[in-house]
Amino acid sequence: MAAHSRVVILDFGSQYTQVIARRVRECQVYSQILPHDTPAAEIAALNPKGIILSGGPSSVYAKKAPHPDRAIFSLGLPVLGICYGVQLMAHFLGGKVEHGGKREYGHGQLRLTHKCALFDGLGKTMDVWNSHGDKLTKLPKGFRAIGRTDNSEYAVIEEPKRRFYGLQFHPEVVHTPRGKELLENFVYEICGAAPDWTMGSFIEETCAGIREKVGSDHVILGLSGGVDSSVAAALLHKAVGDQLTCVFVNNGLLRENEAENVQRVFGEHFKIKLKYVDASDRFLKKLKGVTDPEKKRKIIGNEFVYVFDDAVKSLAGNSKSKIQNPKFKWLAQGTLYPDVIESVAIAGNPAALIKSHHNVGGLPKNMKLKLLEPLRELFKDEVREVGAQLGLPREIVQRQPFPGPGLAVRILGEITPERLRVLREADTIVVSEMKAADWYYKVWQSFAVLLPVKSVGVMGDERTYEDTCAVRVVESQDGMTADWVRLPYDLLARISSRIVNEVKGINRCVYDITSKPPGTIEWE
Ligand code: XMP
């Protein structure tokens, strides 16, 4: 990759570390998250324009508190410490940090007392978001305080000669409305970084890189129809054309028309070599009688590997086992940056605890193919932009996440062809009403769940006794936490009345008003 301006973010376990990285990239500056104890020499070798120290749940004096390599303060690079980051800076450079006594949490008003390059153009007061227990009580030598909040005398500190800055509050979160401008000042004015990280340049450079790596070899990719694998497919196709073959497995647990749509977009429109495998019967047979959610996931995961393996074998017409096909040397995957970052395993770091239990299509460990992961530098929103620039339709680029085990985790109890039909019909109604009301693309997910709960109803003159459908619509930034969406009653009424009237097998519809945590987004 060409030498972009780069800012390094050391991760001390804050749940907001990735948000900082995204904000920096929104400034079109490439940001890279590294473990908190990355040696200074390794950081220097990356030639970054500056370093940001993230927040974190620890206290600098705690026994296992994560510390950076002290030498990062001697690299001659600008450093911005955020929350725990500023406390570390003070601690390492000779200041003092104490238990705040009173935790400062939530909205606050920052009042600037001196001019500071970080706040250029931002006025004298600013709404900020706080979340810290400890606080600075003595500044390191050479530093001065330039802003305060009701609770912190040292809410902003600086040592402009060495270009060291510290913020007690969180500029990266939306509750600090002008935080983005503040970060812009840091990356452009203080670090001197250039806004040269664009998705256009990413596409060109990545395609060139792929071509060089792959040469005349063939590449295989498991296409699920989700955003990540779709964008990976389009990008690889641009890079190596017909050397790419995609395998799309219909596991019988897809939504209405999903298989047809994927074949239309990738096969017909993009003219990508696509092997469509209808393995519905195979999956459904294995799932017969299974009601335990974890068992369902396991069966589906394992079966996927077998089916994928068979497909690759048959593609090159030989019977060698386990995807060691001489024709294909590379396996491409739509791995994203958040999957790659090593979360800091510190007690109290929610980001570390909620490790995704569900990466789709886990492939065999003894797989001999070399991995190609062209999206592993990108965040989801960047992937969407790449997809759009490559000409993928909005319905793919902006689509909602859909779980790997598909409708299996939305049918509570046994999965049968009949119950799949019922859920598909209900789900189609949810999606089409959400789209018609212009809500579909505004929410994280919106879908139907089929419950094995029968209740009594009345239709015309007849008594009914049928299943219940739960409608789940949530908003979320990343799926880790979520809240149910306050949809207009009229829209809920339309969804409910259509499901109960049109879907044979459902006579009651309920709306799920559980947030995550303590609930999860999917029901299983
Ligand atoms: P939960 O239900 O854990 O879901 O709150 C969080 C997000 O992950 C999606 N999800 C999955 N995605 N394979 C996937 O690829 C899975 O097994 C799986 N389970 C849940 C879910 O749709 C939500 O966006």
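This note sets out points on the domain contact, the ligand surroundings and the backbone of a predicted model.

1. Basis. The model is predicted, with local features needing pLDDT of at least 70 and side-chain atom pairs counting only at pLDDT 80 or more, while totals for chains, interfaces and linings use all residues. Residues are numbered from 1 along each chain as its sequence is written, and side-chain values use heavy atoms, with hydrogens and water left out.

2. Domains. Three domains are assigned: domain 1 (6-190), domain 2 (199-397) and domain 3 (409-511); the bounds come from an automatic or database domain assignment. In the contact between domain 2 and domain 3, 16 residues come from domain 2 and 12 residues from domain 3 (contact means heavy atoms within 4.5 Å).

3. Buried area. The size of an interface is often given as the accessible area lost when the parts come together. Between domain 2 and domain 3 about 1300 Å² is buried, 60% of it on carbon and sulfur atoms (accessible area, 1.4 Å probe, that two parts lose on being put together, summed over both). On the domain 2 side, E256, K296 and R394 lose the most area to domain 3, together 32% of what that side buries.

4. Composition and pairing. The side of domain 2 that touches domain 3 draws at least two residues from each of α8 (280-287), α9 (293-315) and α13 (394-397) (helices are DSSP runs of H or I, at least four residues, and strands runs of E, at least two, numbered from the N terminus). Between the two domains there are zero salt bridges (a side-chain nitrogen of Lys or Arg within 4 Å of a carboxyl oxygen of Asp or Glu). Five residue pairs, both members at pLDDT 80 or more, are in polar contact (a pair of N or O atoms within 3.5 Å; within protein, one must be able to donate a hydrogen and the other to accept it, and residues adjacent in sequence count only if both atoms are side-chain atoms).

5. Ligand. Around the ligand are 15 residues, of which R297, Q445, K516, I521 and E522 come nearest (a heavy atom within 4 Å). A polar side-chain atom of R297 is 2.3 Å from a ligand oxygen atom. For K516, a side-chain N or O atom lies 2.6 Å from an oxygen atom of the ligand, and a polar side-chain atom of E522 is 2.6 Å from a ligand oxygen atom.

6. Backbone. Most residues other than glycine have a negative phi, and most peptide bonds are trans. The bond from K516 to P517 is cis, with omega near -15°, and a cis bond also joins P517 and P518, with omega about 10°. P517 is in the segment after β18 (506-511). C83, not a glycine, has a positive phi of about 55° and lies in the loop between β4 (79-82) and α3 (84-93).
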